[in-house]
Amino acid sequence: MDLRSTLLLTGGSACCFKLLNTVIRILPTPQPAQRKAWKWRNISTSLAHSCLTGAGAVSCFYLQPQMMEDLISFCSLRTHILVTVSTGYFIHDFLDMALNQPFKQSWDLLLHHSLVISCFSLAATSRLYLGFAVVSLLVEINSVFLHLRQLLLLSGRRNRPGTELTAPQPSLAYSITSWLNLGTFLVFRACTLGWMTRWLAGHSEHIPRYVLMMGTTGLSLITIMNMVMFYKMFKADILSSMRNTRENH
């Protein structure tokens, strides 16, 4: 794709995710989630993006394994479209959060999205580092379960009915989602980011300084955010469950 087509696809992607968000607004919302209707719509839209790009990243590596041999200059229509569509989503989500959520609650995600948009835009417009961008989209496989977990929490389906007032016990759906979330977090988020950091350090002499700075800054921030997020989820889902089990006994 040329630059004009890339920009049109980016804008079209952002508009499509905005349209999806609007459609979710008119669909039935679970009663407990109606108090946080915007968050329900935002996470549901993010879930659609994660499903699309997570599956897209896996298909890119499956159908084009030669991409791993050159993550810098490898370029195909499939990878270009995937990164461009994802850039459009992050632009939509950045604007959605900036307009609908207090800055002190979303500043970290806004900073994260700014870095992702900058890096993905560079890859999409220059047609360089597309392979590296696709590697980063493997993280979205974990995001599928992360967003499902959040939707279960918003819809009030975390605990088994009748246990909320005594000793709360996680529902089967929440337990399965929680374990899949933690497992894929370690495999597709922690391992992927660790591999990306190692790759960036090993190819630093082949990368322009400004690109290296963008990549290093982005990976450092995202790694810190992920460590904090994993600790919070482990504390909420594992440690609290162990404490409730001891109380029941």
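Begin by selecting V85 in this predicted model. With a relative accessibility of 17%, V85 counts as buried, because buried means under 20%. V85 belongs to helix α3. Next, display the residues around V85: apart from neighbours within four places in sequence, V85 is in contact with L9, S13, F17 and L52. Then add Y62 to the selection. Y62 and V85 are 23 residues apart along the chain, and their C-alpha atoms are separated by 19 Å.

**Helices α3 and α4**

Widen the selection to the whole of helix α3, residues 77-100, and add helix α4, residues 103-126. Two packed helices are described by the angle between their axes and the distance between the axes. Here the helices α3 and α4 pack at about 150°, and their axes are 9 Å apart. This angle makes α3 roughly antiparallel to α4. The crossing in which α3 passes α4 is left-handed.

Which residues of α3 and α4 meet? On the α3 side, select H80, V83, T84, S86, T87, F90, I91, D93, F94, M97 and A98. On the α4 side, the partners include L109, L110, H112, H113, V116, I117 and F120. The residues of this contact divide into 13 nonpolar, 9 polar and 1 charged.

**A cluster of rings**

Keep F90 and F120 on display, and add F17 and Y89. Ring pairs link F17, Y89, F90 and F120 into a cluster. In total, the structure holds 6 aromatic pairs.

**The pair F185 and F230**

Now move to F185 and F230, which form one aromatic pair. A pair of aromatic rings is described by the distance of the centres and the angle of the planes. For F185 and F230, the centres are 5.0 Å apart and the angle between the planes is 40°, a tilted arrangement. The pair links distant parts of the chain: F185 is in helix α7 (residues 172-202) and F230 is in helix α8 (residues 209-248), 45 residues apart.

Are these two rings' residues buried or partly exposed? F185 counts as buried, at 4% relative accessibility, whereas F230 is partly exposed, with a relative accessible area of 22%.

**From F230 to F234**

As the final stop, keep F230 selected and add F234. The ring centres of F230 and F234 are 6.2 Å apart and the planes stand at 20°, so this pair is stacked. Both residues lie in helix α8, 4 residues apart, which is about one turn of the helix. F234 is partly exposed, and its relative accessible area is 33%.

Definitions and conventions: Residues are numbered from 1 along each chain as its sequence is written. This is a predicted model: local features need pLDDT of at least 70, side-chain atom pairs count only at pLDDT 80 or more; totals for chains, interfaces and linings use all residues. Side-chain values use heavy atoms; hydrogens and water are left out. Axes are lines fitted to C-alpha atoms, for helices over the stretch in contact, and angles run from 0 to 180 degrees between N-to-C directions. Helices (H or I, at least four residues) and strands (E, at least two) are DSSP runs, numbered from the N terminus. Angles under 35 degrees count as roughly parallel, over 145 as roughly antiparallel, 65 to 115 as roughly perpendicular and the rest as oblique. A crossing is left-handed if the near helix is turned anticlockwise from the far one by less than a right angle, and right-handed if clockwise. Contact means heavy atoms within 4.5 Å. Ala, Val, Leu, Ile, Met, Phe, Trp, Tyr, Cys and Pro count as nonpolar, Asp, Glu, Lys and Arg as charged, and the others, Gly among them, as polar. Buried means under 20% relative accessible area, exposed over 50%, partly exposed in between (1.4 Å probe, protein chains only). Rings of Phe, Tyr and Trp (its six-membered ring) pair if their centres lie within 6.5 Å; planes under 30 degrees apart count as stacked, over 60 as edge-to-face and the rest as tilted.
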